[in-house]
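User: Hey, got a minute to go through this fold with me? I'd like to talk strands and helices.
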Amino acid sequence: MRSLVSLTEHEIGATVATLKASGLSFAQIGKRLGISKQKAHRLMHKYGGGKQPTMHVIDEIGTPAEVLQRHNLNPAEWRAVRFSEWEAQAKHGKIKTLTSTRFERIDPAAEAMQQIAWQVRPRKPFTTLPAQQHALVVPDSQIGYSRSLSEQLTPYHDRQALDVCLQAAKLLGDKLAFIYFCGDMLDCAESTRKFSKPASTQRTMWPAMLEWRWLLEQFRIAAPHALLCWAEGNHEGRIRRTLVDSVPELADLPPADDPDGSPLLSMQRMMGLDSIDVQYLGPYGSKAGELHRWGIRFHHGDKVGKAGATAGKYLNERTSQIYGHVHRMEQAWSTKPGADGQPVDIFSATFGCTCHTDGRVPSNKPHHNWQQGMGILTRCSDGWVEPTPVRIRAGGRATVLGTELCGSDYVERLRAETNYPY
Ligand SMILES: [Fe+2]
Ligand SMILES: [Fe+2]
């Protein structure tokens, strides 16, 4: 029988090779595919090379069993996605029923992704609040990848740096009141509307979402009592901007069966954050994108000055501020008169980044003067909040409140637990 769609000669050649390997003669193969035996012979030698068919979709006349048998396809590797039948006029006025089947090759990576067993891990309440508490600030990880021609993913983010932050969360234990993820945790290079998007950024959103979701779950396990807040940075904001610009009528709609829930296309829902009690604070640049705790305003930030100069720009309020965005470690203090005229200390601090600093993260500068780091805040029993910047050194090493930690590359576990071929 002849194929309903015209396959390329390359695809026919590969199919002939498969049928030949099953023991059929060129004459039999030609008859099945509706081509001459000479053409079957020629195409196999030109394109087949004895390899498996290279096409990913087959749409042909016949039942699923007939099409599978015709191409000698392994049913475990192909899935029938459309089957149709219709009546046609045959000889002598008879009616005959014809069938056609469309098969798609099963993508093992895509199949595996559907088998991820995410677990529901709600936050556990503190039994007693310790007099002295900590907060952990994890700055810009820019999770994303450069995809090579051979499909290898080179991460923008530094897994050892992120792992050492995870270790810090474990170390702070029951004293850890909250973790603030500063924004730009996802790079979203594929979704920029402003900069060019090289081919290496394509199909990187899904692995980035999986990896960040997996990491957030590890933070939830490490800090079961802590409030986990992820602020939207300008990079995650690309997703929202794309939605609002392209489909404004859908951008904020909740699903019909959960009208009080988060919008269907929100990061909260796309990342499955409810099941691990992570709050997404957005949109970027809005009041809803901020966190106010311990008398400090936490936000992603939008100012960038020369090295060491941005912190001074954030001493412009009566409130201390913690922000991200600049990828450098800076801290500044100012003493101003409070409402009662008494001097009040405020600080501004930013704790660097957890992405690679060797120039691989897309930016508009060829050389980066960034530093990797994290921040630990200590709230003393009298209410004083002490900000402590922690530099992450080469190899994921960090000294957290006097304890030496060293992050490790978690990619093996990540692969095993998400089934994604990182
Ligand atoms: Fe940013
Ligand atoms: Fe950033």
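Analyst: Sure, we can take the sheet and then a helix pair, keeping in mind that this is a predicted model.

User: Okay, in what order do the strands of the open sheet sit?
Analyst: The order is E1-E3-E2, so three letters to remember, with antiparallel pairing.

User: Which strands stand at the edges?
Analyst: Those are E1 (57-61) and E2 (78-89). Each has a single partner strand, so one side of each has no neighbour in the sheet.

User: And what holds paired strands together in general?
Analyst: Backbone hydrogen bonds, in either a parallel or an antiparallel arrangement.

User: How many bridges join E2 to E3?
Analyst: There are 11 between E2 and E3 (residues 95-105), and the two strands run antiparallel. As one example, Ala80 has Phe103 in E3 as its bridge partner.

User: How much are neighbouring strands turned against each other?
Analyst: By 15 degrees on average, ignoring direction.

User: Switching to helices. At what angle do H6 and H7 cross?
Analyst: Roughly 20 degrees, for H6 (residues 159-172) and H7 (residues 205-222), with their axes coming within 8 Å. An angle under 35 degrees counts as roughly parallel, so H6 and H7 are roughly parallel to each other.

User: Left-handed or right-handed crossing?
Analyst: The H6 and H7 crossing is right-handed.

User: Which residues make that contact?
Analyst: H6 brings Leu162, Leu166, Ala169 and Lys170, while H7 brings Leu215, Gln218, Phe219 and Ala222.

User: How do the residues of that contact divide into nonpolar, polar and charged?
Analyst: In the contact of H6 with H7, 6 are nonpolar, 1 is polar and 1 is charged.

How values were computed:
Residues numbered from 1 in each chain as written. Chains lettered and ligands numbered in written order. Predicted model: local features only at pLDDT ≥ 70, side-chain atom pairs only at ≥ 80, totals over all residues. Axes fitted to C-alpha atoms, helices over the stretch in contact; angles between N-to-C directions. Helix = DSSP H or I, 4+ residues; strand = E, 2+ residues; numbered from the N terminus. Parallel < 35°, antiparallel > 145°, perpendicular 65-115°, else oblique. Left-handed = near helix turned anticlockwise from the far one by under 90°. Contact = placed C-beta atoms within 7 Å. Nonpolar A, V, L, I, M, F, W, Y, C, P; charged D, E, K, R; others polar. Pairing = 2+ DSSP bridges.
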